[in-house]
Amino acid sequence: MALSIIMFSGTADKFIPLGVLTQTAANLGVPVSIFVTGWALAGFLKDGQKNVNRMPVEFADMVPMLEKGMHDIKAPSWYEMLKSAKEIGDVKIYACSLMTEIFKIKSKEQLDGIVDDIVGAASFMQQSGQNQIIFI
Amino acid sequence: MTTITVDSRGTACPGPITDLIRAYRKAANGDVIELLATDVGIKSDAKAWCDRTKNELVNITESDGTYKTVIKIVSKRENRDT
């Protein structure tokens, strides 16, 4: 069993399940490949965590409750969860080469250090093989 | 053989299992890990983790909102194995 996660969304709420799923898989010894594309790439630029603060407008009325609840239970940030998952398990984070082109990123050194490589979609799909694929 | 106590009270899912694994990496076969947690998810998660890693779930008890999960480590291939 192995997991592939396609991380597309850029809103902060969607980064919570990214962190939790990745951490949980690492905890269970399940290998994870994360393919970062779309708006989500903004969160993986250098100091990109600060870009992850938009919340979906359709849930605007519930956002304060979510933010307070996360704070009250001292939930770790999505970034801390990914870092911890990489320490514990087999977790690879790949940036989509199409999106890096669009963002004018030329090499992985221009991305956050948590990113392992810049790859094309075919490579990710090939590598995913029979993995469960989750789109966030 | 030692008993290792892991205090994960106050952390939310998946914190307790993450703390368990950090202790597990340093443990050896025959050791017992006592995990204290307040997140109710630990009851199902400890069982899932033991099923997957083939370690022995001795019991889970609850007192004043704290769940104490006792796990006997039996399936490490080597001492620094995950």
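This briefing walks through the folds of chain A and chain B and the place where they touch. Keep in mind that you're looking at a predicted model. Chain A brings five helices and five strands, with its strands in an open, parallel sheet. Chain B has an open sheet too, this one of four strands with mixed pairing. Between the two chains there's a contact that takes 11 residues from each.

**Chain A: the overall picture**

- Start at the N terminus of chain A and follow the chain along: the elements come in the order β-α-β-α-α-β-α-β-α-β.
- Chain A has 136 residues, and for that number a compact globule would have a radius of gyration near 14 Å; the value for chain A is 15 Å, so the two agree.
- If you drew a box around the C-alpha atoms of chain A along the principal axes, its sides would be roughly 40 × 35 × 25 Å.
- Of the residues in chain A, 35% count as buried.
- Take the contacts in chain A between residues at least 6 apart in sequence: 78% of them join residues at least 24 apart.

**Chain A: the sheet**

- Reading across the open sheet of chain A, the strand order is 4-3-2-1-5, and the pairing is parallel.
- Which strands stand at the edges of this sheet in chain A? They are strand 4 (117-119) and strand 5 (132-135), and each has a single partner strand, so one side of each has no neighbour in the sheet.
- On average, neighbouring strands in this sheet are turned by 25 degrees against each other, ignoring direction.
- For a close look at one pair, try strand 2 (residues 32-36) and strand 3 (residues 91-96) of chain A: they run parallel and are joined by five bridges.
- Within that pair, A:Val32 has A:Val91 of strand 3 as its bridge partner.

**Chain A: two helices to look at**

- Helix 5 (residues 121-128) of chain A lies across strand 1 (3-7), strand 2, strand 3, strand 4 and strand 5 of chain A. Its direction is at about 160 degrees to strand 2 of chain A.
- Now find helix 3 (residues 78-88) of chain A, where the buried residues are A:Trp78, A:Met81, A:Leu82, A:Ser84, A:Ala85 and A:Ile88.
- Why do these buried residues line one face of helix 3 of chain A? Looking down the helix axis, you'd see them fall within an arc of 165 degrees, so they line one face.
- There's a general point behind this: an α-helix has 3.6 residues a turn, so residues three or four places apart point the same way.
- What covers the buried residues of helix 3 of chain A? The cover includes helix 1 (12-27) and strand 3 of chain A, along with helix 1 (15-26) of chain B.

**Chain B: the sheet and a helix on it**

- The four strands of the open sheet in chain B follow the order 1-2-4-3, with mixed pairing.
- Strand 1 and strand 3 of chain B are at the edges with a single partner strand each, so one side of each is left without a neighbour in the sheet.
- From one strand to the next, the twist averages 15 degrees.
- Strand 2 (residues 32-37) and strand 4 of chain B pair in the antiparallel sense, over six bridges.
- One spot to check there is B:Ala37, which stands opposite B:Tyr67 in strand 4 of chain B.
- Helix 1 of chain B packs on this sheet and touches strand 1 and strand 2 of chain B. The direction of helix 1 makes about 150 degrees with that of strand 1 of chain B.

**Where the chains touch**

- The contact is made by 11 residues from chain B and 11 residues from chain A.
- On the chain B side, helix 1 and helix 2 (42-53) each supply at least two residues.
- That side of chain B splits into five nonpolar residues, five polar and one charged.

**Backbone oddities**

- As background, most residues other than glycine have a negative phi, and most peptide bonds are trans.
- The peptide bond from B:Cys13 to B:Pro14 is cis, with omega near 5 degrees. B:Pro14 sits in the loop between strand 1 (3-8) and helix 1 of chain B.
- A:Asp47 has a positive phi, near 60 degrees. You'll find A:Asp47 in the loop between strand 2 and helix 2 (63-72) of chain A.
- Is A:Asp47 buried or exposed? It's exposed, because 7 other C-beta atoms lie within 10 Å and a count of 12 or fewer means exposed.
- B:Asp64 also has a positive phi, near 50 degrees, and belongs to the loop between strand 3 (56-63) and strand 4 (66-72) of chain B. With 5 C-beta neighbours inside 10 Å, B:Asp64 counts as exposed.

Key. Residues are numbered from 1 along each chain as its sequence is written. Chains are lettered from A and ligands numbered from 1 in the order in which they are written. This is a predicted model: local features need pLDDT of at least 70, side-chain atom pairs count only at pLDDT 80 or more; totals for chains, interfaces and linings use all residues. Two strands pair if DSSP finds at least two bridges between them. Axes are lines fitted to C-alpha atoms, for helices over the stretch in contact, and angles run from 0 to 180 degrees between N-to-C directions. Two residues are in contact if their C-beta atoms, placed from the backbone, lie within 7 Å. A residue is buried if 20 or more other C-beta atoms lie within 10 Å of its own, exposed if 12 or fewer, and partly exposed in between; C-beta atoms are placed from the backbone. The arc is that of the directions from the helix axis to the C-beta atoms. The radius of gyration is taken over C-alpha atoms; the globule rule is 2.2 Å times the number of residues to the power 0.38. Ala, Val, Leu, Ile, Met, Phe, Trp, Tyr, Cys and Pro count as nonpolar, Asp, Glu, Lys and Arg as charged, and the others, Gly among them, as polar.
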